[in-house]
Amino acid sequence: MKRALLAGLAIGATAGAAAMFVATRPHAATPAPATVAIAPVFVPPLAADAPADAYGDAVRLGARLMTDTAKLAPGYVGNGLVCSNCHLDAGRKAGAAPLWAAFVNFPAFRKKNGEINSFQKRVQDCFLYSLNGTPPPLGSRELLAIETYAAFLARGLPSGMSPAGRGFPALAPPALPADDARGANVFAEKCASCHGSDGAGQAVAGGTGYPPLWGARSFAWGAGMATIDKAAAFIHANMPLGQEGSLSVQQAWDVANFIDGQVRPQDPRYSVSLEATRKRHHDSPFSRYGTVVRGERLGESASTPVARED
Ligand code: HEC
Ligand code: HEC
């Protein structure tokens with residue numbers, strides 16, 4: 001074991017030295033390669049490669065909970081989404097809030113609730129807001145499996161540091177203030193074919209379909225995706241699916257502003273009034289909750305609880 005490790009290190013060292021030599025030799029007959037040893041983004045393992053034992057079973061259950069959330073965790077999901085609609089590739093994709101990058105950063109303090117959150121507590125929040133559901137209890141089979149899967153993906157990553165690929169890539173602010181009319185155009189041209197012109201998503205026979213972006217079956221007010229800055233960063237890095245990175249920075253902000261200016265399920269923290277709830281939880285230029293858009297006060301029609309189909 002120790003020998004293999006040392007041999008591995010020796011090979012790494014030789015390759016590194018050779019690369020350095022090539023890169024620093026100005027008059028070499030062979031030109032130096034353009035890029036030398038750029039630190040790659042962490043590549044997590046596949047759930048299928050987990051061992052064939054109880055631990056591996058928990059890893060595989062965790063992976064399936066990411067992609068088949070409502071089916072495997074019925075009663076905990078209140079909308080038409082699954083975890084991997086946002087945490088792409090079952091939580092493996094860098095730049096789409098991957099689970100491996102999150103795992104090594106918990107427990108952590110969160111401003112949202114003013115306390116130290118365990119990894120399981122963080123996942124509960126996505127059940128509550130992003131899946132508009134009732135979170136499984138701490139220590140439940142579901143949260144344990146998702147946590148075990150995340151730990152498996154993060155194997156080999158040091159804890160306490162944010163690895164490259166965590167969250168969504170930082171997005172520059174827009175040149176012009178985000179605008180609904182331009183956002184509606186971006187949506188019609190680049191998103192509606194999959195997500196539907198009413199934003200409600202589409203079921204596809206035999207496939208997983210396209211998830212809803214607003215309306216009763218989408219994420220609730222209070223979800224990260226309901227804040228314009230987070231949505232713009234996600235969209236710029238990950239959408240349109242298959243053509244990610246093709247939107248301009250301005251287009252990403254405009255379309256995020258448009259989507260986050262639509263009706264969606266009520267914030268589970270709603271109390272007293274829209275004004276009070278906005279002041280307490282949405283006091284940010286990136287949330288349109290409680291503001292008037294196209295003649296309608298956002299959060300108003302959502303404040304009557306929507307019947308849930310699980
Ligand atoms: C080719 C089809 C396609 C196009 C075009 C597309 N998307 Fe998506 N989008 C998807 C799919 C599929 C997912 C879920 C990914 C998964 O489950 O692996 C998704 C997920 C999302 C999500 C997160 C989940 C949710 O429902 O909130 C957002 C936000 C989103 N897309 C916004 C956009 C925007 C904005 C555009 C246009 C700029 C766009 N998409 C264009 C297919 C598409
Ligand atoms: C509608 C989209 C959406 C869905 C569905 C969703 N999440 Fe999230 N999740 C987010 C956003 C947005 C963030 C915040 C990312 C950031 O701040 O960089 C987040 C953050 C997280 C984090 C912390 C990431 C970090 O790096 O700190 C974890 C863990 C997580 N989600 C797990 C889950 C799990 C498990 C599910 C399913 C039970 C789920 N999420 C469903 C959008 C979603």
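Which element gives the most residues to the lining of the largest pocket? The legends below address this and related points for a predicted model.

**Figure 1. The largest pocket of the predicted model and its lining.** The space in this pocket amounts to about 1,400 Å³. It is lined by 49 residues, and those closest to its centre are Arg110, Lys112, Arg122, Gly224 and Lys230. Helix α6 gives the most to the lining, with eight residues. At least two lining residues each are supplied by α5, β1 (108-110), α6, α10 and α12 (274-281). By class, the lining of the largest pocket comprises 26 nonpolar, 11 polar and 12 charged residues. Both domain 2 (47-153) and domain 3 (180-297) contribute to this lining, with at least three residues from each.

**Figure 2. Ligand 2 in the largest pocket.** Ligand 2 sits in the largest pocket, and α5 (99-103) and α6 (119-130) are the elements that give two or more residues to the shell around it. The greatest contribution to this shell is that of α6, with six residues. The shell around ligand 2 holds 24 residues, of which Cys83, Cys86, His87, Cys126 and Arg166 come nearest. Seen by class, the shell consists of 17 nonpolar, four polar and three charged residues. Because domain 2 (47-153) and domain 3 (180-297) both give residues to the shell, ligand 2 lies between them.

**Figure 3. Polar contacts of ligand 2 with His87, Arg166 and Lys230.** His87 places a polar side-chain atom 2.7 Å from a nitrogen atom of ligand 2. The contact of Arg166 is with an oxygen atom of ligand 2, at 2.7 Å from a polar atom of the arginine side chain. An N or O atom in the side chain of Lys230 is 3.1 Å from an oxygen atom of ligand 2. His87 and Arg166 are also among the residues that come nearest to ligand 2, while Lys230 is one of the residues closest to the centre of the largest pocket.

**Figure 4. The second largest pocket and its lining.** About 1,000 Å³ of space is found in the second largest pocket. The pocket is lined by 47 residues, with Asn85, His195, Gly209, Tyr210 and Pro211 closest to its centre. The elements that contribute two or more residues to this lining are α9, α10 and α11. Divided by class, the lining of the second largest pocket has 28 nonpolar, 14 polar and five charged residues. The second largest pocket lies between domain 2 (47-153) and domain 3 (180-297), because both give residues to its lining.

**Figure 5. Ligand 1 in the second largest pocket.** The second largest pocket is the site in which ligand 1 sits. Ligand 1 is surrounded by 22 residues, and the closest are Cys191, Cys194, His195, Pro212 and Met239. Helices α9 (192-195), α10 (228-238) and α11 (249-259) each supply at least two residues of this shell. The shell contains 18 nonpolar residues, three polar residues and one charged residue. Domain 2 (47-153) and domain 3 (180-297) each provide at least three residues of the shell around ligand 1.

**Figure 6. Polar contacts of ligand 1 with Ser84, His195 and Pro212.** A nitrogen atom of ligand 1 lies 2.8 Å from a polar side-chain atom of His195. Pro212 takes part through its backbone, with a polar atom 2.7 Å from an oxygen atom of ligand 1. The contact of Ser84 likewise involves a backbone N or O atom, which lies 3.4 Å from an oxygen atom of ligand 1. His195 is, in addition, one of the residues closest to the centre of the second largest pocket.

**Figure 7. Backbone geometry at Pro107, Pro240 and Asp89.** Most residues other than glycine have a negative phi, and most peptide bonds are trans. Phe106 and Pro107 are joined by a cis peptide bond, with omega about 0 degrees. Pro107 belongs to the loop between α5 and β1. A cis peptide bond also links Met239 to Pro240, with omega about -10 degrees. Pro240 is located in the loop between α10 and α11, and Met239 is among the residues closest to ligand 1. Asp89, although not a glycine, has a positive phi of about 50 degrees. Asp89 is part of helix α4 (residues 88-91).

Note on methods:
Residues are numbered from 1 along each chain as its sequence is written. Chains are lettered from A and ligands numbered from 1 in the order in which they are written. This is a predicted model: local features need pLDDT of at least 70, side-chain atom pairs count only at pLDDT 80 or more; totals for chains, interfaces and linings use all residues. Side-chain values use heavy atoms; hydrogens and water are left out. A residue is near a molecule or strand if one of its heavy atoms lies within 4 Å of it. A polar contact is a pair of N or O atoms within 3.5 Å; within protein, one must be able to donate a hydrogen and the other to accept it, and residues adjacent in sequence count only if both atoms are side-chain atoms. On a 1 Å grid over the protein atoms alone, a cavity is a set of points where a 1.4 Å probe fits but cannot get out, and a pocket is an open set with protein on both sides within 12 Å along at least five of seven lines; lining residues have an atom within 4 Å of a point. A molecule sits in a cavity or pocket if more than half of its atoms lie within 2 Å of its grid points. Helices (H or I, at least four residues) and strands (E, at least two) are DSSP runs, numbered from the N terminus. Ala, Val, Leu, Ile, Met, Phe, Trp, Tyr, Cys and Pro count as nonpolar, Asp, Glu, Lys and Arg as charged, and the others, Gly among them, as polar. Domain bounds come from an automatic or database domain assignment. Grid points are joined across faces, edges and corners, and a volume is the space filled by probe spheres set on the points.
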